[in-house]
Structures are given as structure tokens and as C-alpha cells.
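Subject: Structure handover

Hi,

I'm passing this structure on to you, as promised. Please have a look at it first, and then read on for my notes.

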Amino acid sequence: MEQAQNPLGTQPIGRLLVRLAIPTVIAQLINVLYNIVDRIYIGNIPEIGAMALTGLGITFPILMIVSAFAAFVGMGAAPLASMRMGAGKDKEAEQILGASTLLLLILSVVLTVVILIFKVPLLYLFGASDNIIGYADDYITIYLLGTVFVMLALGLNAFISAQGFATTAMISVLIGAVCNIILDPVFIFLFDMGVRGAALATILSQAISAVWIVLFLVGRRTRLRIRWENLRLPPRLIGSILALGISPFVMQSTESLINIVLNRGLQDYGGDLYVGTLAIMTSLLQFVTLPGQGISQGAQPIISYNFGAGKPDRAKQAFRLLLRVVFSFTTISCLLLVFFPSVFARVFTSDAELLGLTSEMMPIYFAGIWAFGLQLSCQITFLSLGQAKISLFLALLRKVFLLIPLAIILPRFFGVIGIYWAEPIADMTSAFTAVGLFLATRNRIFIQKK
């Protein structure tokens, strides 16, 4: 009876996607603010803004590593919990939530200790120069002290979305983002703390968000609760979580690796100014990719639940709608960034030299981002159906097999501009491959449960 009445299995797909995706997209857009509002404020600090912004950009790989481990657990476990709920097995879904909570706590402690020990050599490895290492070190030292809040906020919020509480998940992110926007100018300018103030504002905001999420997941409104007896790590359950979580982990951790390769190449072939352009463009890239991921996360519980409930036609319908919406969004974003680059670059810097170079390179860097919507839709659908191996391959294809080699090889022949061209070539090639794989396997995968 509970399964039959669940709106994920009964309401019209379009209405469901709107109800789940819009709050999730808003949450993702708000989540972008965590990463870029610091850059906007810091980039506009008088006299040192350009160098401080470049130094902050060097810390991006570490921020992405922390987020990747949160996704490893949260996005690996949330689809499993959705499928268990679709099959009417709420007790097993709660065991998944408990194991994920404990795993997030353990990983946050390990990451904090390891990265703090090796932070300075890592920052130099990521492309820092003597001119910017101080800014990068100041920011990341304080940020790492709040790793546990970042991990809990990102990892556990996926379980709120997986239950259909998309608005609550949005509010969870909104609370932290609003706090960050308010605290940033206070610590950066009023207390004159510079990049250290930006880091302090960020972790305090994440702490508030994490407390809100935990309180919700132990309260009465949630269908799945964090319970003491479920804070265990059963090997078979952990294996299932990690097997499915490897794909989103690779997507985000390789984003860190890509940033390292691009920063090193831009430093070697261009210098600090070119590294500064990447700090701006990766921020804008998040405005394109994260809302697309938000729409996909809104579709994920619909696809997973209906697949688990033996309703493949509804799962297919959700995929088709997901594809149309995400592809339209990435195409429109591509046109805006290619034809109006200076408008977006000016938000981050008033330095004339950095602004000019960023405006020149941005149309190249974003030329293929329209195709990202195709890959993302196919990849999240494979993930939602439990096809971890195919989803992992697609995650590796764009970044590890294409973008990184291209970013290393192309500048040897074309100079620094070759690094910017690597992005659109990888985007389009991986998108067409994802579509081909989906067309070749969709019938077999969708009828498997039926």
C-alpha cells in the first residue's frame, strides 16, 4: 500500500521532475556560491585582488577532493536507498543511511589530517608560485579544519533528496549559502582577514548547514532516520555503496586532477595571469555543470524508484524528459558564455589585463559545453539504474582518457592556447560516445528488472 501511494511511482513524470528538480537546481546554484562568492569578494580586494584570486584558484583541487569523497558516499548510497524504498524495504534503506553517516565521519578525519600534513608541497604541485603560495596556504589551512562539516552537509543531503524532500534539501544548502554571503564581507573587509576570512566564513556556514541536515535526519518528518544501531560498516553494504559511488567520485576527483594539469600547463606555458583566467572560468563552469547535475539529481529518485518498483516505462519517460531539459540548458549557457565573455569575467575582476585575457580565452574554453548535457543525462541514467561500470567508464572518458592527455599534448604543438582547446574537444567526443552507448544498451538495461 505504501509503495502504491508513493508519488514517485504514481504522479505524472513532468510534474514530479518539476517538483524535485527545481528545488535541487536552486540548491546547486546556491551551492556554487560556496565556491565562487569567496572568489568574487577576494578578486575585488584593492591592489592584491588579482594575485589573491589566483592563489585561491590553486586550492580548488583540494576543495574538489573533499567534495568528491562526500559524493563517493552520498551519491553512491542515495540511489541504493531509493531502490530499497521503491521495493518497500525501508529498514534496509535506513541501514544504508547509518553506514554512510559513519563512513563520512571517518573519511573527514582522515582527509583533514593527511592534507594538512602535505598541504604546502601539494599547493606547489598544483601550480602555485612563490607570489601566490601565501594566499593559497592561508585559505586552505582554515578550510580544512571544517572538513567534517563539508562532508556531512554534502553527503547526507543526498538522502534528503532521495526521499523526495527536494525543497528541504534546497533549504539545507540555502541556509549555509546565505550565511556565507553575509559572513564573507564581514571577515574579509570589516575584520581585514583577507583570504583567511573567506575560509572562516565558508566553514562556519557549512557547519550551520550540516547541523540543520543532521537534525532533520533524526527528526520526525523524515522517512529514513539516522539511528545509533545503524552506525555500523557491514562489508557487503559498504561494498555496494562504494561500487555505485565510484562514478560520481571519479567525476569530481578527476575534476581536481584536471585542475592540477591545467594549472601546471598554464603556469609553465603562460604564467600567473593565465592561471588566474582558469580560476574565473572554472567558477563559471560550475554555473553550467552544477545546475545540470541538479536537474539530474531531481530525476534520479524518479528513475531509480520506478526501476526498483518494476515500472520501466516510467523510468524511460523520466530519462527522455531529463535529456531534453539538461541539453537545452547547456546549449543556452554555451551561447551566452561564448558571445558575452567579458560580461561574466567582469564579475570576478576589475584588473584590466586579467579581464582582457579571460575574455579572449573564454569562447574557446566553453565552445563544447553544449554537448555536456548529452553526456550527463546518459551517465546519471546509467547510475540510477545501477549500471556502475558504464557510468564509471563515461566519467573516466571525458576527463581521464580525453581532457588530461589533450591538455598535455596540445600545448606542445599550439602553445598555451592548446590547453584551452582541450576542453571543448573532450566535451564533444565524450558526449557522442555516451549517446552511442545508451542507444546500444537501453533496451537490455530497462527490461532487466521487468
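Let me begin with one residue, Ser253: this serine counts as buried because its relative accessible area is 14%, under the 20% cut-off. Please keep in mind that this is a predicted model. Ser253 sits in helix H11, which runs over residues 235-269. Leaving aside residues up to four places away in sequence, Ser253 touches Ile65 and Ala68.

Now for the chain as a whole. There are 18 helices in the chain and zero strands. Its radius of gyration is 21 Å, close to the 22 Å that the globule rule gives for 450 residues, so the chain is as compact as a globular protein of that length. Along the principal axes, the C-alpha atoms fill a box of roughly 65 × 45 × 35 Å.

Ser253 is buried, and so are 60% of the 450 residues in the chain. As for contacts between residues at least 6 apart in sequence, 82% of them join residues at least 24 apart.

On the outside, the accessible surface of the chain comes to about 17300 Å². Carbon and sulfur atoms account for 68% of that surface.

Finally, the charges: the chain carries 30 positive and 21 negative side chains. The centres of these two sets lie 20 Å apart.

Happy to talk it through whenever suits you.

Best wishes

Methods
Residues numbered from 1 in each chain as written. Predicted model: local features only at pLDDT ≥ 70, side-chain atom pairs only at ≥ 80, totals over all residues. Heavy atoms only, no water. Helix = DSSP H or I, 4+ residues; strand = E, 2+ residues; numbered from the N terminus. Rg over C-alpha atoms; globule rule 2.2 N^0.38 Å. Buried < 20%, exposed > 50% of the residue type's maximum accessible area, 1.4 Å probe, protein only. Contact = heavy atoms within 4.5 Å. Areas by Shrake-Rupley, 256 points an atom, 1.4 Å probe, with all protein chains shown as cover. Lys, Arg positive; Asp, Glu negative; His and termini not counted. Charge placed at Lys NZ, Arg CZ, Asp CG, Glu CD.
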